[in-house]
Amino acid sequence: MTGTLMNLYGPPTGNLVKGSGAYLFDDQGRRYLDFLSGIAVTSLGHDHPVIREAVASQLSRLWHTSNFFTTPASLGAAAKIGEIAPFADARVFFCNSGAEAIEAALKLARRARPDRPKVAVLANSFHGRTLGALSATMQPKKRQPFLPLLTGFVEVPLNDASALRNVVADPEVGTVLFEPILGEAGVFELEDGFAQVLIEAQRDHGTLLIADEIQTGLCRTGDWFASTHYGIVPDAFTLAKALGNGLPIGALVAKAEVASAFEVGDHGSTFGGNPVATAAATAVITFMAESSLAERVRHLSDLALPLLKALPGVTSVDGRGLMLALALGAPVASEVVRQAWAAGLIVNAPTPDRIRLLPPLIITEPELKHGIEILAKVLEGSVQ
Ligand SMILES: *Cc1c(COP(=O)(O)O)cnc(C)c1O
């Protein structure tokens, strides 16, 4: 009998055996500069000594308890998230992935706005692959094979302020779920006028704003959360990717008055709040705060942007902080990814004509410049 992985991700780019800082190593002994961070997950790089130590020390104490109990690890991580949350008095539900955090958010929205069950979502949004999260994901190719999905999601074209104004005026629409910068769609920012309508909906209609900060959150865009760039204080937000620096963890964080709509027994997760994963989360946030990482990300972004804009074939650079995309104006992105890999650089193509850059936030200036030099060679056509 044999076993191997299901074919869901296409042919693998390589087989990786080790990581250190901004570098990954494959089973051939080749080294790659990592401009993907496992899709915005390993923000502190691979094998970060502080995170490794926090996890190792938790591993030698306690692995799992069930949620009939709290642990210092789960309480500590909730308190840490509370310290950085954009509102006072945060309530945290821990789960194990981004999609699960979205599921929890959708259930909380039902409870918090019981008479207004419809949820506005953005065109091309990505919120995860489980059926509920997929119902909120407005990417036709991902949805189509799994129809029918949950009903009650109203699609709003990105940055169409008047469309959004109409949708939030619908008394059945109680919630807007949005990525402050759309990640999987190819890195697209909200425009200020559009964000303003979100803020007005929250103020004038009591619309629940749920920011999906799973990809944007935790310093990636040069602030703890990307909502902040637009002056949005969401009622709730989701986290996952960078929260465990690679250990599986997700979180739904809500204002206390919103979270109180959940009653005991409404939701749960066997592994949610796992001591090892939450110990990692506490270490991640503590390290980010102590090292002023958001500031560092803004500095590195300022350094990278002019270099990226000057790359051959790049028509625009989108995004913020170290969540950036190069628009190539032609469907050559997968070829660029392939050639970059061959030249020792890991990047990703969220769409046929865009390259996404998500380097670790601890990357050094020389490493960042070196990666951009590799990209320059690939885009000049001097790498095959
Ligand atoms: C990655 C991502 C998700 C889904 O997270 P999973 O851990 O893969 O389930 C949801 N929302 C956004 C914005 C994401 O980038």
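Mentor: A residue is near a molecule if one of its heavy atoms lies within 4 Å of it. This is a predicted model, where local features need pLDDT of at least 70, side-chain atom pairs count only at pLDDT 80 or more, and totals for chains, interfaces and linings use all residues. Residues are numbered from 1 along each chain as its sequence is written, and side-chain values use heavy atoms, with hydrogens and water left out.

Trainee: Which residues surround the ligand?

Mentor: Ser-97, Gly-98, Ala-99, Phe-126, His-127, Gly-128, Glu-179, Asp-212, Ile-214, Gln-215 and Lys-241.

Trainee: What makes the Asp-212 pair a polar contact?

Mentor: A polar contact is a pair of N or O atoms within 3.5 Å. A polar side-chain atom of Asp-212 lies 2.7 Å from a ligand nitrogen atom, so the pair meets the cut-off. For Gly-98, a polar backbone atom is 2.8 Å from a ligand oxygen atom. For Phe-126, a backbone N or O atom lies 3.3 Å from a ligand nitrogen atom. The protein covers 81% of the 380 Å² of accessible area (Shrake-Rupley method, 1.4 Å probe) that the ligand has on its own.

Trainee: Why is Asn-124 called partly exposed?

Mentor: Its relative accessibility is 40%. Buried means under 20%, exposed over 50%, and partly exposed in between (1.4 Å probe, protein chains only). So Asn-124 counts as partly exposed.

Trainee: What is the phi of Asn-124?

Mentor: Positive, about 75°, although Asn-124 is not a glycine. Asp-89 also has a positive phi, about 60°, and is not a glycine either.

Trainee: What makes the Leu-147 to Pro-148 peptide bond cis?

Mentor: Its omega is near 0°.

Methods:
A polar contact is a pair of N or O atoms within 3.5 Å; within protein, one must be able to donate a hydrogen and the other to accept it, and residues adjacent in sequence count only if both atoms are side-chain atoms.
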